[in-house]
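Welcome, and please open your viewer for a short walk through one protein. Keep the selection tool ready, as each stop begins with something to pick.

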Amino acid sequence: MLKSKLRFFSNDSAFGQRSALVATCLFASSAAVAAEPRQTIDINGEAVKYNLSTSLWTTHFNPRPEHNNTQRFLGIERYGDNFVTRPLQQRFERLAEADPMLGIAHFRNSFDQSTIFAYAGFTQAIWQRESWQARVKVGAGFIHGYRNEFQDKIPFNSFGTAPAAIPSLTLHYQRFNGEMILFGTSGVMLNVGYSF
């Protein structure tokens, strides 16, 4: 049963199973170590701890025939204090008011390969009015999935896993949200999500 569920992640079933298992373990262990303070964020007066999102639309700034614009993105974020972002908040005063987060996402990369991005970062409200709220977000972590002839398409990917930082802008309406993600100089993706 578990094997059939993991096959959802990839046509490359062995790669998909390993990636899904590693990513799930990383996310679960990060969440388990989190301490009590700031376990939720405030979205329009409601405390939320998680956000689940999926891709709606993608475009590349310099499109090529081999580019895939159907990412089949599925991601989850956990908001609140965690061991990854805590040292940064203690060291940098400007981050003290930002909301920490952990996230993990599975998607098909620009070359239609099964890819995992595990990250930590911060989200900060920049505007709010009635049921609406806008937030900026930066997540930094590791991306795994660019392989074979596409391994060099992202920097520092010598061992199959590379560091990555992704900025985004999110517009919340009550618990629903739309997010614009900038993936480097390559393109932009629009996601929709639900916070709970």
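The tour below goes from a surface patch to a set of strands and then to some charged pairs.

Before you click, note that this is a predicted model, in which local features need pLDDT of at least 70 and side-chain atom pairs count only at pLDDT 80 or more, while totals for chains, interfaces and linings use all residues. Residues are numbered from 1 along each chain as its sequence is written, and side-chain values use heavy atoms, with hydrogens and water left out.

**Stop 1: the nonpolar patch**

Select Leu56, Trp57, Ile126, Trp127, Trp132, Val136, Leu169, Leu171, Tyr173, Met180, Leu190 and Val192, and show them as a surface. Together they make a nonpolar surface patch with about 1,100 Å² of accessible area. Such a patch is made of residues with over 30% relative accessible area and no salt bridge, with nonpolar side chains (Val, Leu, Ile, Met, Phe, Trp, Tyr) joined within 5 Å and like charges within 9 Å. The areas come from the Shrake-Rupley method with a 1.4 Å probe, and for residues only the protein chains shown count as cover.

Now colour β3 (50–60), β6 (114–129), β7 (132–144), β8 (161–173) and β10 (187–195): these are the elements that give two or more residues to the patch. Strands here are DSSP runs of E with at least two residues, numbered from the N terminus. Which element gives the most to the nonpolar patch? That is β8, with 3 residues.

Click on Leu171, which is found in β8. Leu171 counts as partly exposed because its relative accessibility is 41%; buried means under 20% relative accessible area, exposed over 50%, and partly exposed in between (1.4 Å probe, protein chains only).

**Stop 2: β9 and its neighbours**

Next, select β9, residues 176–183. Asn177, Glu179, Ile181 and Phe183 make up its covered face, and Phe176, Gly178, Met180 and Leu182 its uncovered one.

Add β8 to the view: β8 and β9 run antiparallel and are joined by 6 bridges. Two strands pair if DSSP finds at least two bridges between them. Look across from Met180 in β9 and you will find Leu169 opposite. The hairpin of β8 and β9 has 2 residues between the strands, and Gln174 there takes a positive phi near 55°.

On to β10, which pairs with β9 in the antiparallel sense over 8 bridges. Here Phe183 stands opposite Gly187 in β10. The hairpin of β9 and β10 has 3 residues between the strands, with Gly184 at a positive phi near 60°.

**Stop 3: charged pairs**

How many salt bridges does the structure hold? There are 7, each a side-chain nitrogen of Lys or Arg within 4 Å of a carboxyl oxygen of Asp or Glu.

Stay with β9 and select Glu179 together with Lys137, whose side chains meet in a salt bridge (2.5 Å, N to O). Lys137 lies in β7 and Glu179 in β9, so this pair ties together parts that are 42 residues apart in sequence. Lys137 is buried at 9% relative accessibility, and Glu179 is buried at 6%.

Then pick Arg135 and Asp99, a salt bridge whose closest N and O atoms are 3.2 Å apart. Arg135 is in β7 and Asp99 in β5 (residues 99–108), so the pair ties together parts that are 36 residues apart in sequence.

Finish by selecting Arg72, Arg108 and Asp112, which are linked in a network of salt bridges.

Conventions
Helix = DSSP H or I, 4+ residues; strand = E, 2+ residues; numbered from the N terminus.
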